[in-house]
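Here are a few exercises on empty space and cysteines. Have a go at each one before you read its solution.

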Amino acid sequence: MARFDVLSDKALRREPPTREELLGVLGSDDDVLMDLVAAAARPRLRAFGRTVKLNYLVNLKSGLCPEDCTYCSQRLGSTADVVTYTWLKPDQTAEAVRAGVEAGAARVCLVASGRGPTDRDVDRLRPAIEGIKADHPGVEVCACLGLLSDGQAERLRASGVDAYNHNLNTSGERYSDICTTHTFEDRVETVGKAKAAGLSPCSGLIAGMGESDGDIADALLALRELEPDSVPVNFLIPFEGTPLAGQWNLDARQCLRILAAARLVFPDTEVRLAAGREVHLRGMQSTALYLANSIFLGDYLTSEGQPGRADLEMIRDAGFTVLGTDEGDGGQDGGRERPDLVRPRHRGAGTALPPNA
């Protein structure tokens, strides 16, 4: 416990951990896992209290991407069973956004597959963004459109976009192992362009791609150099039909260690529990809320998440509150009443039906 308290104290002073300290966190034993969680929870609770920010993804254009990112179900050559379509119309975007905002999302993330947007694509988004801002004042709009060309970040900012997401995904040393059609430096450059244009930088990583603890540590330290305002932590969803199919390299305990490391590197930055949490954290998702102060609500780009109601119940049951709601309402409808969960037994002993075992 003592060694994690030292790291927690450093985080509270905004002093970054060393690479060696991060390796100690990522390689720590199961016996001290809850000590680690408790230590990393201290800066999270000081910076964000018991609030959880909800984010909602809208996939504007799905599939048919020319890039070869091995983790992605939308990649060039993917045979994954995902929905593919071209750009949503503004009214379709508005309908999708409305669902997320009504469920409590404080930020909507507009994502489109592809290497990067054309200038025409940037213009195409303006009516949808203006509509979101008019219909939902105060809701943040984050765009995630790939690599940005000169001037595009400024145009997105002028149209009303608040933030731009572009993940580093892994360490610079390993990047060419997961993608050959663009470079780690290309990604760093795009985050820089977004930041220079006044967009809030959002950049994170994907764990579970066969990387080492050193790669995770290096990715976190590289992210820290970018000074992002939000850091999504994704866990690989190993889609059949992609090169990383069958890569089940994570368990719930390691996911918690990765989130703890992210929190110690980013003590007062939004750390977002992102794709793959249901797949890998499973019953430990609520524990992860002591490390991450932000989650995606409901579904992701090409995979389904757990139902939004289940997300809201998880937040409430763990003693947290959805950001922007009253402290007393738990951040969702329904309160403690769940009569649908009270089911008389009609199977097993004394019946003709098999037991629930």
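**Exercise 1.** How much space lies in the largest pocket? Work out what lines that pocket, too.

*Solution.* Keep in mind that this is a predicted model. Start with the volume: the largest pocket holds about 320 Å³. Next, the walls: 16 residues line this pocket, and Asn59, Tyr85, Asp299, Tyr300 and Leu301 sit closest to its centre. Then look for the top contributor, which is strand β1 (residues 51–61), with four residues. Finally, sort the lining by class: nine nonpolar, four polar and three charged.

**Exercise 2.** Find how many cavities of 30 Å³ or more the whole structure has, and describe the largest.

*Solution.* A search at that cut-off turns up one cavity. The volume of the largest cavity is about 870 Å³. Its lining takes in 42 residues, with Tyr71, Cys72, Gln74, Asn167 and Leu301 nearest the centre. Elements giving two or more residues to that lining are β2 (107–112), β3 (140–144) and β7 (230–235). By class, you get 24 nonpolar, 13 polar and five charged residues.

**Exercise 3.** Count the disulfides, then check cysteines 65 and 255.

*Solution.* Use the cut-off: a pair of cysteine sulfurs has to be within 2.5 Å. By that rule the count is zero. For cysteine 65, the nearest cysteine sulfur belongs to cysteine 72 and is 6.3 Å away, and cysteine 65 is in no disulfide. Cysteine 255 has its closest cysteine sulfur in cysteine 202, but 19 Å is too far for a bond. Now burial: cysteine 65 counts as buried at 12% relative accessibility, and cysteine 255 is buried at 0%.

Methods
Residues numbered from 1 in each chain as written. Predicted model: local features only at pLDDT ≥ 70, side-chain atom pairs only at ≥ 80, totals over all residues. Heavy atoms only, no water. 1 Å grid on protein atoms, 1.4 Å probe; cavity = no way out; pocket = protein on both sides within 12 Å on 5 of 7 lines; lining within 4 Å. Points joined across faces, edges and corners; volume = space filled by probe spheres on them. Nonpolar A, V, L, I, M, F, W, Y, C, P; charged D, E, K, R; others polar. Buried < 20%, exposed > 50% of the residue type's maximum accessible area, 1.4 Å probe, protein only.
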